[in-house]
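I opened this entry to record a few look-ups, one after another. The sequence and coordinates go in first.

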Amino acid sequence: MMKLLTDRTWIESSEFTREFEYPTEAGSGYCFDLGSDKLPIFNSEAGKANWFGCISGEFNVVDLGVVERDTSHWQSAIGKCECGEQHSMDGDIHCKCGRRYNWCGQELWQYDDPCLHDDVDWGMEEEAMELDAIEQNAQY
Ligand SMILES: [Zn+2]
């Protein structure tokens, strides 16, 4: 079993953009991502040219100002393999030491590459049957 270092966490934050809209085409125009300093982030020379076109008045656009949007997402739990390597627990994990784990940190018993074998027993079937039995017993 992988040792859980941090739980899965719900992250809420805000993103800021500066938006410009064509006066005759609502919803159409330019939108620039802003950094934490509220300055535009340019990913290309074309984006930079568009920014200066908007703020200089060269483009016929209306400045809508800085727009804040709330964002949120799940940050995966962090687990630690027996060898000490840390992993983001967001899917099946294949550690460089050779151990394999499922997304919730349960070690899978067969370490060989499953693509090389047709008869791989990942050890999960027996455990799933045990869980089914426990759930069935809990209903009575
Ligand atoms: Zn490892």
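How many bridges join strand S8 to S9? I found two between S8 (residues 100-101) and S9, and the two strands run antiparallel. I note that the model is a predicted one.

I then checked which residue stands opposite arginine 100, and it is leucine 108 in S9. Next I looked at the whole sheet: it is open, has three strands in the order S7-S8-S9, and is paired antiparallel. I have S7 (93-94) and S9 (107-108) down as the edges, because each has a single partner strand and so keeps one side without a neighbour in the sheet.

I looked up the largest nonpolar core. I list six residues for this core: Met2, Cys81, Met89, Ile93, Cys95 and Tyr101. I followed cysteine 81 further and, with neighbours within four places in sequence set aside, noted contacts with Met2, His87, Cys95, Cys97 and Arg99.

I turned to lysine 38, which is in the loop between strand S3 (29-34) and helix H1 (45-56). I noted a positive phi of about 65° there, although lysine 38 is not a glycine. Is lysine 38 buried or exposed? I entered lysine 38 as exposed, because 9 other C-beta atoms lie within 10 Å.

My last look-up was phenylalanine 16, in strand S2 (residues 9-21). I count phenylalanine 16 as partly exposed because it has 14 C-beta neighbours inside 10 Å. Not counting residues up to four places away in sequence, I have phenylalanine 16 touching Leu34, Lys38, Val66 and Glu68. For phenylalanine 16 and lysine 38 I noted 22 residues of separation in sequence and 7.3 Å in space, C-alpha to C-alpha.

Conventions
Residues numbered from 1 in each chain as written. Predicted model: local features only at pLDDT ≥ 70, side-chain atom pairs only at ≥ 80, totals over all residues. Helix = DSSP H or I, 4+ residues; strand = E, 2+ residues; numbered from the N terminus. Buried ≥ 20, exposed ≤ 12 C-beta atoms within 10 Å, placed from the backbone. Core = buried A, V, L, I, M, F, W, Y, C linked by C-beta atoms within 7 Å. Contact = placed C-beta atoms within 7 Å. Pairing = 2+ DSSP bridges.
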